[in-house]
Amino acid sequence: MSRMDNQSLLKKFFVDELQDIYWAEKHMVKELPKLQKAATSDELADAIGDHHVATEEHVSRLEEAFKMMGETAKAKKCEAMEGLIKEAHSIIEDTDQATATRDVGLIMAIQKMEHYEIATYGSLVQLAKTIGQNDVANLLHQTLAEEKDADEMLTSLAENKINEEGAKEEGHEGEDENE
Ligand SMILES: [Fe+2]
Ligand SMILES: [Fe+2]
């Protein structure tokens, strides 16, 4: 196979992966307001709200990236993000409203999504450079930095307050299924 063919296969793979993260980002735009509503503390609700605004920008950047590559923006179902969203919903179901434990769970669920995004954008930035799409790489690098900021923000919320408050909360009698 010629080098040219390898490049175009890699480009096709790259575009497929853009479609995957495009689906993931669009679904996060829908889900984050639900997670925000479920949060107990104002600090966490505000942090989720801020990342919702950032996530809308991530969707726009991906549309820009498709355009730069002469491709139409198309979303392809991302099984990983779908699973992470389901997990977030079950955390909401399994924790009581207005508890710090709810926030501990939400932080964990959202951090899993952020880590998935960080891994994806980290790889996409590298791959964009490999296929000579440096402008696309720069664009996606901005999103990567914002995902890392969101992750750090959530870590500091957990460390500073919410986990300790969660530790003070008493479980209800008979709540532990293993008893
Ligand atoms: Fe994002
Ligand atoms: Fe994110």
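These legends describe several close-up views of a predicted model.

**View 1. The whole protein is built from helices.** The protein has five helices and zero strands. Read from the start of the sequence, the pattern is α-α-α-α-α. The C-alpha atoms fill a box of roughly 65 × 30 × 25 Å along the principal axes. Of the 179 residues, 42% are buried. Among contacts with a separation of 6 or more, 81% join residues 24 or more positions apart.

**View 2. Helix H2 and the residue that follows.** H2 has 27 residues, and at 1.5 Å a residue it should span 39 Å. Its end C-alpha atoms are 39 Å apart, so the expected span and the model agree. Gly 70 follows H2 and has a positive phi, near 70°.

**View 3. The largest nonpolar core draws on helices H1, H2, H3, H4 and H5.** This core holds 49 residues. Phe 14, Leu 18, Leu 35, Leu 44, Met 81, Met 113 and Leu 140 touch the most other members. Each of these helices gives two or more residues to the core: H1 (3-38), H2 (42-68), H3 (79-94), H4 (100-130) and H5 (134-168). Take Leu 18 as an example. Leaving aside residues up to four places away in sequence, Leu 18 touches Leu 62, Ala 65, Phe 66, Met 69, Leu 124 and Leu 140.

**View 4. Tyr 22 and Phe 66 form an aromatic pair.** The count for this model comes to one aromatic pair. The rings of Tyr 22 and Phe 66 meet edge-to-face. Their centres are 5.5 Å apart, with 70° between the planes. Tyr 22 lies in helix H1 and Phe 66 in helix H2, so the pair ties together parts that are 44 residues apart in sequence. Tyr 22 counts as buried, at 5% relative accessibility. Phe 66 is buried too, at 0%.

**View 5. The iron ion (ligand 1) has donors from Glu and His residues.** Glu 25 contributes two OE atoms. His 58 gives ND1, while Glu 117 and Glu 147 each give an OE atom. These donors lie at 2.0 to 2.5 Å. Along the sequence, the donor residues are spaced E-x32-H-x58-E-x29-E. Glu 25 lies in helix H1 and Glu 117 in helix H4, so the pair ties together parts that are 92 residues apart in sequence. Both Glu 25 and Glu 117 are buried.

**View 6. The iron ion (ligand 2) shares Glu 117 with the iron ion (ligand 1).** Glu 117 bridges these two ions, which lie 3.3 Å apart. The protein donors of the iron ion (ligand 2) are NE2 of His 51, two OE atoms of Glu 114, and an OE atom each from Glu 117 and Glu 147. They lie 2.0 to 2.7 Å from the ion. Their spacing along the chain is H-x62-E-x2-E-x29-E. His 51 in helix H2 and Glu 147 in helix H5 link distant parts of the chain, 96 residues apart. His 51 is buried, and Glu 147 is buried as well.

**View 7. Lys 76 sits in the loop between H2 and H3.** Lys 76 is partly exposed, with a relative accessible area of 34%. Its C-alpha atom is separated by 5.1 Å from that of Gln 19, although the two residues are 57 residues apart along the chain. Lys 76 touches Asp 16, Gln 19, Asp 20 and Trp 23, not counting residues up to four places away in sequence.

**View 8. The loop between H3 and H4 holds Thr 95 and Ala 98.** Thr 95 counts as buried, because its relative accessibility is 15% and the cut-off for buried is under 20%. Its side chain reaches the backbone oxygen of Ile 91 at 2.8 Å. Thr 95 also touches Thr 101 and Arg 102, not counting residues up to four places away in sequence. In the loop with Thr 95, Ala 98 counts as exposed, at 61% relative accessibility. Ala 98 is not a glycine, yet its phi is positive, about 65°. Most residues other than glycine have a negative phi.

Conventions:
Residues numbered from 1 in each chain as written. Chains lettered and ligands numbered in written order. Predicted model: local features only at pLDDT ≥ 70, side-chain atom pairs only at ≥ 80, totals over all residues. Heavy atoms only, no water. Core = buried A, V, L, I, M, F, W, Y, C linked by side-chain atoms within 4.5 Å. Buried < 20%, exposed > 50% of the residue type's maximum accessible area, 1.4 Å probe, protein only. Helix = DSSP H or I, 4+ residues; strand = E, 2+ residues; numbered from the N terminus. Contact = heavy atoms within 4.5 Å. Phe/Tyr/Trp six-rings, centres within 6.5 Å; stacked < 30°, edge-to-face > 60°. Donors = N, O, S within 2.8 Å, 3.2 Å for Na, K, Ca; no water. Expected span 1.5 Å × (residues − 1). Polar contact = N/O pair within 3.5 Å; in protein donor to acceptor, adjacent residues only side chain to side chain.
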